[in-house]
Every structure is written in structure tokens, then in C-alpha cells.
Amino acid sequence: MRSGNPALSESTFLDLASGSVVTSPDQVMTINGTVNKTGILLLLTVLTAAFAWSQTIGADGQIAPGAMIYAIGGAIGGLVLALVTVFKKEWSPVTAPMYALVEGFFLGAISAVFEARFPGIVFQAVLLTFGTLFALLAAYRSGLIKVTENFKLGVVAATGGIALLYLASFVLSFFNINVPVIHEASWLGIAFSLFVVVVAALNLVLDFDFIETGAAARAPKYMEWYGAFGLMVTLVWLYVEFLRLLSKLQQR
């Protein structure tokens with residue numbers, strides 16, 4: 001089993017001692033249960049995102065002073081909770097909802113910042129994110145997209161390359177060196193953002209396949225929360241990349 005999503009790696013359903021898939025004779029992971037848990041996480045994210053939005057952008061459409069505290073705090077808190085969840089999967093019934101709540105602060109704040117500069121962009125990004133989710137889910141369930149080993153390897157390799165490029169850009173920023181292709185609204189920058197959006201979207205397909213495999217393997221019930229958490233990680237990434245792509249297009 002392989003997914004480009006770091007939260008859904010090859011060893012997610014494996015017992016590290018025996019190397020076999022962790023199973024549960026009674027309470028087992030199901031696809032419907034994972035879907036329900038994903039819905040709960042989305043609701044929690046929307047609640048805190050709405051609060052962060054109200055605190056970030058004023059009635060006049062201007063960004064409030066200190067608003068980025070929500071974005072920075074949410075990003076750091078989300079990263080910490082994500083790492084805890086990845087390394088302690090059995091805690092996911094608690095840490096996954098906490099991740100959703102904290103990530104909502106981050107998404108609400110950055111969404112307000114984008115909206116203040118590009119009115120209407122958030123609604124477009126939300127529609128594109130969920131439109132992509134349901135379109136790819138339908139394509140996956142209908143068999144139009146086949147999750148072969150070569151498909152998995154290609155998406156994982158592309159995801160890893162993007163992650164390394166973002167990491168390099170972050171490190172170089174401390175030396176006042178910017179990577180133009182990532183941030184600029186040139187046609188090359190737009191093409192790069194479009195490529196990242198496609199890779200993020202294809203990760204959804206791997207996540208669907210990975211969750212289905214876990215359910216078929218009768219993984220423990222708490223893995224429903226973990227599977228929902230992994231799907232949320234991809235959705236957050238996809239939404240942010242849609243915001244970046246749309247902002248570049250509007251700057252043109």
C-alpha cells in the first residue's frame with residue numbers, strides 16, 4: 001500500500017513488530033465510517049475557520065492588525081498535531097478533531113487575507129476543491145482511474161519533489177533568496193501551480209485507494225479517524241494550492 005500523502009504511508013496499517021497488517025476481530029474500519037469521520041472533521045474545520053475569518057477581516061474589508069497570529073499559530077499547531085497523529089495513530093480519535101480545529105484557524109486567516117486582495121477567490125477555491133474531490137471520487141469508484149503501481153510511484157515521486165522544492169524555498173528565504181517559479185505570477189509560475197494542483201488532486205485518488213485497502217484488511221476502528229485525518233491533509237493542501245493558483249491568474 002502506498003500513498004503520496006505523508007499521513008498515509010506504506011506502514012500506516014502495519015504492526016511495526018510483526019510487519020503484518022493490524023486487524024481487529026470486532027470493531028473494524030469501514031469506508032462509511034471513514035466518510036462520516038471526514039464529515040465531522042470538515043465541520044470542525046469550518047467552525048474555527050469562520051471564527052478566524054471574522055477576527056481577521058473587518059467590515060470594511062481590511063485585514064485586522066495581528067491577524068496573521070491565527071495563520072501562524074494554526075499552521076504550527078496543525079503541524080505538531082499532525083506529527084503526533086502520524087506517530088500515535090491510536091490517538092487519532094482525539095488528535096484528528098484537534099487537528100481539524102487548529103487547522104481551521106490557519107485556513108480562516110489565510111482565506112481572509114486572499115479574499116481581501118482578490119474578492120471572490122475563496123468561494124472559487126472552495127468550489128474547485130470540493131468539485132475536484134467528488135469528481136475524482138466518482139472516477140475512482142467507476143473504475144475510470146486505475147490505481148496501478150506505476151501510477152502510485154509517479155504521484156509519490158512528484159509529491160516528494162514538490163515537498164523538497166518547497167523546503168528548499170523555505171530555507172533559501174532566510175538568505176533573502178526567492179524561487180520565482182513558486183511565488184511569481186508569470187506564466188511559468190502559473191504552470192507550476194497548476195502542476196502542483198494536479199499532483200495534490202491525484203493524491204486524493206491514492207487516499208481513496210489506501211482507505212479502501214485498510215477497510216478490506218479489517219483495520220482497527222480508530223483507523224477511521226486516521227483515514228479521515230489523512231484525507232483532510234490532502235484537502236487542505238489542495239485548497240491552499242487552488243488559492244495560490246487563482247491569485248496568480250487574477251494578477252495576470
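A residue counts as exposed when its relative accessible area is over 50%. Keep that cut-off in mind for the first view of this predicted model.

**View 1. Asn176 and Arg218 are two loop residues with positive phi.** Asn176 is found in the loop that links helix 5 to helix 6. With a relative accessible area of 73%, Asn176 is over the cut-off and therefore exposed. Its phi is near 60°, a positive value in a residue other than glycine. Most residues other than glycine have a negative phi. Now look at the loop between helix 7 and helix 8, where Arg218 sits. Arg218 is not a glycine either, yet its phi is positive at about 60°. Its relative accessibility is 42%, so Arg218 counts as partly exposed.

**View 2. Helix 5 runs from residue 149 to residue 173.** Its 25 residues reach 36 Å from the first C-alpha to the last, close to the 36 Å expected at 1.5 Å a residue. Which residues of helix 5 are buried? They are Phe151, Lys152, Val155, Thr159, Ile162 and Ser169. What covers these buried residues includes helix 6, helix 7 and helix 8.

**View 3. Tyr166 of helix 5 meets Phe192 of helix 7 in an aromatic pair.** The ring centres of Tyr166 and Phe192 are 6.3 Å apart and the planes lie at 85°, so this pair is edge-to-face. Because one ring lies in helix 5 and the other in helix 7, the pair ties together parts that are 26 residues apart in sequence. Tyr166 is partly exposed, at 23% relative accessible area, while Phe192 is buried, at 11%.

**View 4. Tyr99 and Leu204 have the most contacts inside the largest nonpolar core.** This core holds 59 residues. Helices that each supply at least two of its residues include helix 1, helix 2, helix 3 and helix 4. Helix 8 gives the largest share, 18 residues. Leaving aside residues up to four places away in sequence, Tyr99 touches Gly78, Leu81, Ala82, Phe229, Met232, Val233 and Val236.

**View 5. Aromatic rings come together at several places, with eight aromatic pairs counted.** In one of them, the rings of Tyr99 and Phe229 have centres 5.1 Å apart and planes at 85°, so the pair is edge-to-face. Tyr99 belongs to helix 3 and Phe229 to helix 8, so their pair ties together parts 130 residues apart in sequence. Both of these residues are buried. Elsewhere, Phe51, Tyr70 and Phe105 form one aromatic cluster.

**View 6. The charged end of Lys89 sits over the ring of Tyr226.** It lies 6.0 Å from the centre of that ring.

Terms used
Residues numbered from 1 in each chain as written. Predicted model: local features only at pLDDT ≥ 70, side-chain atom pairs only at ≥ 80, totals over all residues. Heavy atoms only, no water. Helix = DSSP H or I, 4+ residues; strand = E, 2+ residues; numbered from the N terminus. Expected span 1.5 Å × (residues − 1). Buried < 20%, exposed > 50% of the residue type's maximum accessible area, 1.4 Å probe, protein only. Contact = heavy atoms within 4.5 Å. Core = buried A, V, L, I, M, F, W, Y, C linked by side-chain atoms within 4.5 Å. Phe/Tyr/Trp six-rings, centres within 6.5 Å; stacked < 30°, edge-to-face > 60°. Lys NZ or Arg CZ within 6 Å of the ring centre and 35° of its normal.
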